[in-house]
Amino acid sequence: MKRAIVLAGGGAKGSYHFGFWKAIRELEIDFQIVTGSSVGALNGAMMASGLYESGLEMWNTIKTPDIIETSPSRLSEVFDTEGIAGALKSFLGDLGESAVNVKMDPFPLGELIGKYLNEKLLRESGIEFGIMCSEYPNMKTHPVTLNDIPYGMLGDYLLASSTVYPSMEPKEIAGKKFVDGGYTDNFPVNLALDMGAEDIIGANLCASGIEAKYETDYPVRVIRPWFDLGPTMEFVPEIAKRNMALGYNDTMRSFGKLDGTCYAFEKGESEKMQEEFEKFCVDMLVKCGAVPLSEKGLYYKSLAVKGLSEKRKQRFGLMHKNLATVCAETAAEIYCVNPTKVYTGKSVAESILKEYLPFAEKDENPMAVLFRTAKPLNYKLGQIGSLDSRDIIAYLVELWLGLFSGETPNRDLRTLCRFIPKEFFASLYISFLKIKGE
């Protein structure tokens, strides 16, 4: 069986690939093919060559001037480019503005490729390697394999695959012009299949660009980041280190070595958290009226839980197993808890409560003020979107604590579970932590 690694393009986000690679190394997963587009091609060449330490050094030290030299574009000097940038944003994402306002000279990138890549080592590695480029000006896919590249020209094709047009001039090779592979296929699974892959593991950066559709009966496992990886063209070592930690955690979680759905937990923690949280959760959902008493045993099929699963993009059918984890992760993300660490139930609780406390101790909670007014409920619900989710949660926690203490159920809770399920369940989880005494 031939296994392929597929790496997507995404500029500075590509540091995520090295966290992914670290996990692949620890899992001792072998591969015979590597394909990549743009920065995925550069990282892929290192991966196929086995240059992990060199690549790690590169990502831990490079800054934007080490990749590109910038100057005002001629287009921005002649036209008001605001409208053009806006039109490009849907395709180029955060590259839209710089694509028309900034001229990028890739000379430093060429120097970097020469410093960190060893073409001889790559050719002798025994790993098949493929690069995705885009033809210019017809914008057709132009996949190229290492066997197609004359010796000494690997750097040219890596530059071609990374040429962000119109900020960069198209790269000319043997009379043909090429631009970034992301213009035609930013995640070249098809290229890997064409090279004979029968099993595919990919790291998709969820960056701007076109992803060609692919159809195959072979298994394709795709690792994607949940959290934002930062600006595409800002190369900062601190951001790179964060992205590498996220790539590692996401990959280990995908292979079942860590628990969690977007945060990372030690193996076995999700089950433990569910056991501790479930009874409290069900009792409170029944008390507030979000789940009928007659359906207590099927609480995980309720509309309230379904709303959370949809907002968090989690499988509804698995919520009975990981509701506690999803609630904890929701609270953690809202309160900006560090996503690069590996947590236990106890340590994530401590982190959440630390960030929650300043909002709980406010003299005047904006959500409480809103719901004390005599305004109609529809008006209040319309205003919630302008409030900080952290203030909303702090208000709801007080309602949960009152309900737990025997107060009459507040109708706000039952109503809000349908409109703001993330804040509803995050506050329920924090209430559980406070009652539990974390």
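A residue counts as buried when its relative accessible area is under 20%. Keep that cut-off in mind as you explore this predicted model.

**Stop 1: the whole chain**

Start by selecting the entire protein chain. Of its 438 residues, 53% are buried. Switch to a cartoon view and you can look for 21 helices and 12 strands. Turn the chain around: along its principal axes, the C-alpha trace spans about 80 × 55 × 35 Å. If you display the surface, the accessible area comes to about 20,100 Å², and carbon and sulfur atoms hold 50% of it.

How do the contacts spread along the sequence? Among contacts with a separation of 6 or more, 72% are between residues 24 or more positions apart.

**Stop 2: two helices that cross**

Now select residues 269-288, which form helix 13, and residues 421-436, which form helix 21. At what angle do helix 13 and helix 21 pack? The angle is about 115 degrees, and the two axes are 10 Å apart. Helix 13 and helix 21 are therefore roughly perpendicular to each other. Their crossing is right-handed.

Next, show the side chains where these helices meet. On the helix 13 side, pick out Met273, Glu276, Phe277, Phe280, Cys281, Met284, Leu285 and Cys288. Their partners in helix 21 are Phe424, Phe425, Leu428, Tyr429, Ser431, Phe432, Ile435 and Lys436. Try colouring this contact by residue class: you should find 13 nonpolar residues, one polar residue and two charged ones.

**Stop 3: Cys133 in a strand**

Move on to Cys133, which you will find in strand 5, residues 128-136. Is Cys133 buried or exposed? Its relative accessibility is 0%, so Cys133 counts as buried.

Show the neighbours of Cys133 to see what surrounds this residue. Leaving out residues up to four places away in sequence, Cys133 touches Lys140, Thr141, His142, Tyr157, Ala160, Ser161, Phe178, Val179, Gly181 and Thr184. Then draw a distance line from the C-alpha atom of Cys133 to that of Pro143: these residues are 10 apart along the chain, and the line should read 5.9 Å.

**Stop 4: Ser302 in a loop**

Finish at Ser302, in the loop between helix 13 and helix 14 (303-311). You have already met helix 13 at the crossing with helix 21. Ser302 has 8% relative accessibility, which is why it counts as buried. Which residues does Ser302 touch, not counting those up to four places away in sequence? Select Val291 and Phe316 to see them.

Key: Residues are numbered from 1 along each chain as its sequence is written. This is a predicted model: local features need pLDDT of at least 70, side-chain atom pairs count only at pLDDT 80 or more; totals for chains, interfaces and linings use all residues. Side-chain values use heavy atoms; hydrogens and water are left out. Axes are lines fitted to C-alpha atoms, for helices over the stretch in contact, and angles run from 0 to 180 degrees between N-to-C directions. Helices (H or I, at least four residues) and strands (E, at least two) are DSSP runs, numbered from the N terminus. Angles under 35 degrees count as roughly parallel, over 145 as roughly antiparallel, 65 to 115 as roughly perpendicular and the rest as oblique. A crossing is left-handed if the near helix is turned anticlockwise from the far one by less than a right angle, and right-handed if clockwise. Contact means heavy atoms within 4.5 Å. Ala, Val, Leu, Ile, Met, Phe, Trp, Tyr, Cys and Pro count as nonpolar, Asp, Glu, Lys and Arg as charged, and the others, Gly among them, as polar. Buried means under 20% relative accessible area, exposed over 50%, partly exposed in between (1.4 Å probe, protein chains only). Accessible areas come from the Shrake-Rupley method with a 1.4 Å probe; for residues, only the protein chains shown count as cover.
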